[in-house]
Amino acid sequence: MTAGERLKQIQGLFEDLGGKYPDVLQKFMEFNQAAVEPGAIDQKTKEVIAVAVSVASQCQWCITYHARQALELGGATENELIEAGLVAVSISGGSAAMHMIPLREAIREFKK
């Protein structure tokens, strides 16, 4: 599955949830947006952190989404994302290492 296909799955899930649970989804989206807005930490750094957490938690869809956000909106570099992923691997071990694969795929697909 490509990174683009994973993004379509995310969009489809949120469309389905938004149709069935609009209040819940709206609150989730508002929280998510507020969490990544610049504050003491800039948006790029927050998205790089999100990539590391996504690798550590082994969520391919999260990796894809946050890698795209970090690259396209935050201006992160490939090296920043790979190093963030490696920090996650150092904490979470081998299973997190395997989740560097969807990170690498997302970077290749979304890198400008």
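In this predicted model, glutamate 78 has a relative accessible area of 32% and is therefore partly exposed. Its side chain meets that of lysine 111 in a salt bridge, with a distance of 2.7 Å from N to O. The two residues come from distant parts of the chain, since glutamate 78 belongs to helix H5 and lysine 111 to the segment after H7, 33 residues apart. Lysine 111 is likewise partly exposed, at 46% relative accessible area.

This pair belongs to a set of four salt bridges in the structure. Side chains of opposite charge can pair when their charged atoms come close. Another such pair joins glutamate 80 and lysine 44, whose closest N and O atoms are 2.8 Å apart. Here, too, distant parts of the chain are linked: glutamate 80 lies in helix H5 and lysine 44 in helix H3, with their positions 36 residues apart in sequence. Glutamate 80 is partly exposed, with a relative accessible area of 29%, and lysine 44 is partly exposed as well, at 24%.

A further salt bridge is formed by glutamate 105 and arginine 6, with 3.1 Å between the closest N and O atoms. Because glutamate 105 lies in helix H7 and arginine 6 in helix H1, this pair ties together parts that are 99 residues apart in sequence. The two partners differ in their accessibility: glutamate 105 is partly exposed at 31%, whereas arginine 6 has a relative accessibility of 2% and counts as buried, the cut-off for which is under 20%.

The helices that carry these charged residues belong to a chain with seven helices and zero strands. From the N terminus on, the order of elements is α-α-α-α-α-α-α. Among contacts with a separation of 6 or more, 64% are between residues 24 or more positions apart. For 112 residues, a compact globule would have a radius of gyration near 13 Å, and the 14 Å of this chain agrees with that value. The C-alpha trace spans about 40 × 35 × 30 Å along its principal axes.

In the interior, nonpolar residues were examined next. In soluble globular proteins, nonpolar side chains tend to be buried together. The largest nonpolar core in this model comprises 22 residues, and those with the most contacts inside it are Val55, Ala67, Leu81, Leu103 and Phe110. At least two residues of this core are supplied by each of helices H1 (3-20), H3, H4 (60-73), H5 (78-92) and H7 (100-110). The greatest contribution is that of H7, which gives five residues. When residues up to four places away in sequence are not counted, phenylalanine 110 touches Ala3, Gly4, Leu7, Thr64, Arg68, Leu71 and Glu72. Of the 112 residues of the chain, 32% count as buried.

At the surface, the chain exposes about 6800 Å², of which carbon and sulfur atoms supply 59%. A nonpolar surface patch of about 240 Å² is made by Ile41, Ile49 and Val53. Isoleucine 41 is placed in the loop between helix H2 (22-36) and helix H3 (43-57), and its relative accessibility of 36% makes this residue partly exposed. Helix H2 also contains glutamine 26, which is partly exposed at 47% relative accessibility. Glutamine 26 and phenylalanine 14 are 12 residues apart in sequence, and their C-alpha atoms are 9.9 Å apart in space.

How values were computed. Residues numbered from 1 in each chain as written. Predicted model: local features only at pLDDT ≥ 70, side-chain atom pairs only at ≥ 80, totals over all residues. Heavy atoms only, no water. Patch = residues over 30% accessible without salt bridge, like charges linked within 9 Å, V, L, I, M, F, W, Y side chains within 5 Å. Areas by Shrake-Rupley, 256 points an atom, 1.4 Å probe, with all protein chains shown as cover. Helix = DSSP H or I, 4+ residues; strand = E, 2+ residues; numbered from the N terminus. Buried < 20%, exposed > 50% of the residue type's maximum accessible area, 1.4 Å probe, protein only. Core = buried A, V, L, I, M, F, W, Y, C linked by side-chain atoms within 4.5 Å. Contact = heavy atoms within 4.5 Å. Rg over C-alpha atoms; globule rule 2.2 N^0.38 Å.
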